[in-house]
Amino acid sequence: MIARIDLHTHSTASDGTLSPAELVHAAADEGLDVVAITDHDTTAGWQPALRALPRGLRLVRGAELSCRWSGEQPPVPLHLLAYLFDPDFPELAAELARVRIARAERGERIVALLRADGIDVSWTEILAAAGGGTVGRPHIAHALIQAGLVATTTEAFGPDWLGERYRLPKDDIDVFRAVRLVRAAGGVPVFAHPRATRRGRIVPDELIAELAAVGLAGLEADHEDHSPAERAHVRGLATELGLLVTGSSDFHGTHKTVRLGAFTTEPEAYERIVAASSGVTEVASG
């Protein structure tokens, strides 16, 4: 009987603090039955996670895609969870590679701005700390913590730092293109934390309806950045549009306080994701 399912976690392949192997073992230790590895714009953690998969745990291979909606100016950044897609599908693989390069270039520009203001952080050291994973603002936040300039990741993402003063845009994937590419690659796209106003701007419900019309499969409702009212709104919208609903931790290790399995997905929604995919399969060990 599959009971505990967490469909949104990050490893050191992007901005988590556990390696893919450590992540799947931590998921098993937390009593999860299914875990998805969804690093930012990369599938680099898939094989290490598969090799280390503990007996009895199912692994869903995925990624969290950096997207944008250009219906407002400046464009609204948003995230799309993509599950069980073919990582070798050429157009999607090319877009992910482009976004990873854009992330690194933005990170280097942010560090240059910090250094121009006399803040002693090193891009070389940030890259080394990322260990070859997709570089993002959390890596810069960690450098600010190490330098004693801020106490927490939350503070680093505040308006005086990476949240506003030193925030730069990056060249994300148009969200309509992202949904279509994930579907073309045999994957299942789910909108991550779509109503999280505490993260900044959100998109209108009308956009989500338009995305559903081109292939969006679901909405992530139960998430630490959603208030109870926001979770209820997302569930109602999903029901109205015939979309599945997920819940997940968005676990990043010590970069966030949330625990693995803090929010979970119902088995029926998980089964719908598996049934709708044709890229790669879920994997169970032993």
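These legends walk through several close-up views of one predicted model.

The model is predicted, so local features are described only where pLDDT is at least 70, and side-chain atom pairs only at pLDDT 80 or more, while totals for chains, interfaces and linings use all residues. Residues are numbered from 1 along each chain as its sequence is written, and side-chain values use heavy atoms, with hydrogens and water left out.

**View 1. The largest pocket and what lines it.** Rolling a probe the size of a water molecule over the atoms shows where empty space is left. Here a pocket is an open set of points on a 1 Å grid over the protein atoms alone, where a 1.4 Å probe fits and protein lies on both sides within 12 Å along at least five of seven lines. The largest one holds about 1,500 Å³ of space; that volume is what probe spheres set on the points fill, with points joined across faces, edges and corners. Its lining (residues with an atom within 4 Å of a point) is made of 47 residues, and His79, Arg137, Phe157, Arg167 and Arg199 lie nearest the centre. Sorted by class, you get 18 nonpolar, 13 polar and 16 charged residues. Nonpolar covers Ala, Val, Leu, Ile, Met, Phe, Trp, Tyr, Cys and Pro; charged covers Asp, Glu, Lys and Arg; the others, Gly among them, are polar. Strands E3 (58-69) and E4 (76-83) each supply at least two lining residues, and so do helices H3 (90-116), H5 (137-146) and H6 (153-156). Those labels are DSSP runs numbered from the N terminus: helices are H or I with at least four residues, strands are E with at least two.

**View 2. Helix H1 and its buried side.** Which residues of H1 (20-29) are buried? They are Pro20, Leu23, Val24, Ala26 and Ala27, where buried means under 20% relative accessible area, exposed means over 50%, and partly exposed is in between (1.4 Å probe, protein chains only). These residues sit on the same side of H1 because they cover an arc of only 160° around the axis; the arc is that of the directions from the helix axis to the C-beta atoms. They pack against E1, E2, H2 and E3. Just after H1 comes Gly31, with a positive phi of about 85°.

**View 3. Helix H8, buried on one side and exposed on the other.** In H8 (205-213), look for Leu207, Ile208 and Leu211, which are buried. They share one side of the helix because their arc around the axis is only 100°. Flip to the other side and you'll find Glu206 and Ala213 exposed. The cover over the buried residues includes E3, E4, helix H7 (175-184), E6, E7 and H9. Gly215 follows H8, and its phi is positive, near 130°.

**View 4. Helix H10 and a buried threonine.** Pro267, Ala269, Tyr270 and Ile273 are the buried residues to spot in H10 (267-276). An arc of only 165° around the axis puts them on the same side of H10. Their packing partners are strands E1 (5-9), E2 (34-37), E3, E4, E6 (188-191) and E8 (244-247). Strand E8 is home to Thr246, which is buried at a relative accessible area of 1%. Beyond its neighbours within four places in sequence, Thr246 is in contact (heavy atoms within 4.5 Å) with residues including Leu7, Val190 and Ile273.

**View 5. Gly279 and Leu84, in two loops.** Gly279 belongs to the loop between H10 and strand E9 (283-284), and is partly exposed at 29% relative accessible area. Among its contacts outside the neighbours within four places in sequence are Leu84, Phe85 and Gly186. Leu84 is in the loop between E4 and H3 and is buried, at 0% relative accessibility.

**View 6. Some unusual backbone spots.** Most residues other than glycine have a negative phi, and most peptide bonds are trans. Leu84 isn't a glycine, yet its phi is positive, about 55°. Asp41 isn't one either, and its phi is near 60°; this residue is in the loop between E2 and helix H2 (46-51) and is buried at 0% relative accessibility. What kind of peptide bond joins Gln73 and Pro74? That bond is cis, with omega about -5°, and Pro74 is in the loop between E3 and E4.
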